[in-house]
Amino acid sequence: MNGAQLHLLLNHIPLFLPLFGGSALGLGLILKSSDVKKFGLCLLFASALAAIPAYLTGVPAERVVKNYPGILRAAIEAHQAAALISLIL
């Protein structure tokens, strides 16, 4: 598995896990279940932690794809800027 493949694999965790965490948290609020609310918060926390390795694998992914035809340096830089903002949030 190269850097780009690992980056793509890890990117899906912080993208989709908040959907499940937010849904579980909302369901816990509706059902007034502290266990379900805690589960939703744990999923949201895990999603935030998963963003760290997703961000850190960006440079190895860049090394793999930077010389591919059709890959623009400006697109990579815009992606990096958006990734940093997402990581901070």
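A salt bridge here is a side-chain nitrogen of Lys or Arg within 4 Å of a carboxyl oxygen of Asp or Glu, and in this predicted model arginine 73 forms a salt bridge with glutamate 62, with the closest N and O atoms 2.1 Å apart.

**Figure 1. Salt bridges of arginine 73 with glutamate 62 and glutamate 77.** Arginine 73 belongs to helix H4 and glutamate 62 to helix H3, so that their pairing ties together parts that are 11 residues apart in sequence. Arginine 73 also forms a salt bridge with glutamate 77, where the closest N and O atoms are 3.2 Å apart; arginine 73 and glutamate 77 both lie in helix H4, separated by 4 residues, or about one turn of the helix. The count of salt bridges by this rule comes to 2, and Glu62, Arg73 and Glu77 are linked by them in a network. Side chains of opposite charge can pair when their charged atoms come close. As for solvent exposure, arginine 73 counts as partly exposed because its relative accessibility is 45%, and glutamate 77, at 42%, likewise counts as partly exposed, whereas glutamate 62 counts as buried because its relative accessibility is 13%.

**Figure 2. Isoleucine 71 in the loop between helices H3 and H4.** The loop that holds isoleucine 71 runs between helix H3, residues 58-65, and helix H4, residues 73-88. With neighbours within four places in sequence left aside, isoleucine 71 is in contact with Val65, Lys66 and Ile76. Isoleucine 71 nevertheless counts as partly exposed, because its relative accessibility is 37%, a value between the limits of 20% for buried and 50% for exposed.

**Figure 3. A nonpolar surface patch to which helices H2 and H4 contribute.** Phe45, Leu49, Ile52, Tyr55, Leu56, Leu84 and Ile88 together make a nonpolar surface patch of about 700 Å². H2 and H4 each supply at least two of the residues in this patch, and H2 gives the most to it, with 5 residues. Isoleucine 52, one of the residues of the patch, is found in helix H2 and is partly exposed, since its relative accessible area is 42%.

**Figure 4. Serine 47, a buried residue of helix H2.** Serine 47 is found in helix H2, and it counts as buried because its relative accessibility is 6%, which is under the limit of 20%. When residues up to four places away in sequence are not counted, serine 47 touches Ile13, Pro14, Leu17 and Pro18.

**Figure 5. Threonine 57 and its side-chain contact with histidine 7.** Threonine 57 is found in the loop between H2 and H3, where it is buried, with a relative accessible area of 11%. A polar contact of 2.9 Å joins its side chain to that of histidine 7. Histidine 7 is also among the residues that threonine 57 touches once those up to four places away in sequence are excluded, the full set being Gly3, Leu6, His7 and Leu10.

**Figure 6. Lysine 32, a residue with a positive phi.** Lysine 32 has a positive phi of about 55°, although it is not a glycine. Its place is in the loop between helix H1, which spans residues 3-31, and H2. Lysine 32 counts as exposed, because its relative accessibility of 74% is over the limit of 50%.

**Figure 7. Methionine 1 in the segment before H1.** Methionine 1, which lies in the segment before H1, counts as exposed, with a relative accessibility of 75%. Even so, methionine 1 is in contact with Leu6 and Leu9, its neighbours within four places in sequence being left aside.

**Figure 8. Confidence of the predicted model along the chain.** The chain averages a pLDDT of 93, and 100% of the residues score at least 70. Within the chain, confidence is highest in helix H2, residues 34-56, at a mean of 95, and lowest in H4, at a mean of 91. Where pLDDT is low, the predicted coordinates should not be read in detail.

Notes
Residues numbered from 1 in each chain as written. Predicted model: local features only at pLDDT ≥ 70, side-chain atom pairs only at ≥ 80, totals over all residues. Heavy atoms only, no water. Buried < 20%, exposed > 50% of the residue type's maximum accessible area, 1.4 Å probe, protein only. Contact = heavy atoms within 4.5 Å. pLDDT = per-residue confidence, 0-100. Patch = residues over 30% accessible without salt bridge, like charges linked within 9 Å, V, L, I, M, F, W, Y side chains within 5 Å. Areas by Shrake-Rupley, 256 points an atom, 1.4 Å probe, with all protein chains shown as cover. Polar contact = N/O pair within 3.5 Å; in protein donor to acceptor, adjacent residues only side chain to side chain.
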